[in-house]
Amino acid sequence: MIYEINFSNFMSNLNHFMKEKNKNSNSKKLSDLIAKSMKDKKGEEISVINLIGIKNSICDYFVICSGNSNIQIDSISENIEKKVFKNLKEKPWQKEGEINKEWLILDFVNVVAHIFHKEKRYHYNLDNLWSDGSNLIEK
């Protein structure tokens, strides 16, 4: 009986571990796809910040880019939504900033995409604020 309980606990822990591993794997795929979608629409200074190792982080990854105009920011956002849905069948849980276009956020829960107007990106400086995470910046 004791062995049965221990085996049951082992299986429960293994299932939990596999779900977490799968979630992190999906987060990585999603962050890569978002970064590629930004690049496709000429997003500038694309930055992927890995927050998985940070205690109490709000998500697994931030993907950040800059745009030069409202039209470009809209285009980047629309391309992200289109590509993510086409490839991963996910929609953003929440969207913010669609009206003023200074800082547009697409929240996919485990990954958050930030699309800034160039001047506002340096004002809020998320790259520096979350510098505890490992940061990949594409030039």
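**Exercise 1.** Which residues of the largest nonpolar core touch the most other members?

*Solution.* Keep in mind that this is a predicted model.
- Step one: go through the 20 residues of this core, and you'll find that I34, M38, V63, I80, V84, F108 and I115 touch the most other members.
- Step two: trace where the core comes from. At least two residues each are supplied by α1 (2–40), β1 (44–50), β2 (61–67), α2 (70–88), β4 (103–107) and β5 (111–117).
- Step three: pick the top contributor, which is α1, with five residues.
- Step four: look outside this core. Apart from it there's another one, with nine residues, including I49, L51, C59 and V112.

**Exercise 2.** Work out what F108 is in contact with, leaving aside its neighbours within four places in sequence.

*Solution.*
- Step one: check the contacts with L30, I34, I80 and V84.
- Step two: add E90, K91, P92 and W93, which F108 is also in contact with.

**Exercise 3.** Find out how the buried and exposed residues of α2 are arranged.

*Solution.*
- Step one: get the helix dimensions. With 19 residues, α2 reaches 27 Å from its first C-alpha to its last, close to the 27 Å expected at 1.5 Å a residue.
- Step two: list who's buried in α2, namely Q72, I73, I76, S77, N79, I80 and V84.
- Step three: place them around the axis. Because these residues cover an arc of only 160°, they sit on the same side of α2.
- Step four: flip to the face turned away from that buried side, and you meet the exposed residues I71, E78, K82 and K86.
- Step five: step past the helix. K89 follows α2, and its phi is positive, near 55°.

Key
Residues are numbered from 1 along each chain as its sequence is written. This is a predicted model: local features need pLDDT of at least 70, side-chain atom pairs count only at pLDDT 80 or more; totals for chains, interfaces and linings use all residues. Side-chain values use heavy atoms; hydrogens and water are left out. A nonpolar core is a set of buried Ala, Val, Leu, Ile, Met, Phe, Trp, Tyr and Cys residues joined through side-chain atoms within 4.5 Å. Buried means under 20% relative accessible area, exposed over 50%, partly exposed in between (1.4 Å probe, protein chains only). Helices (H or I, at least four residues) and strands (E, at least two) are DSSP runs, numbered from the N terminus. Contact means heavy atoms within 4.5 Å. The expected span of a helix is 1.5 Å times one less than its number of residues. The arc is that of the directions from the helix axis to the C-beta atoms.
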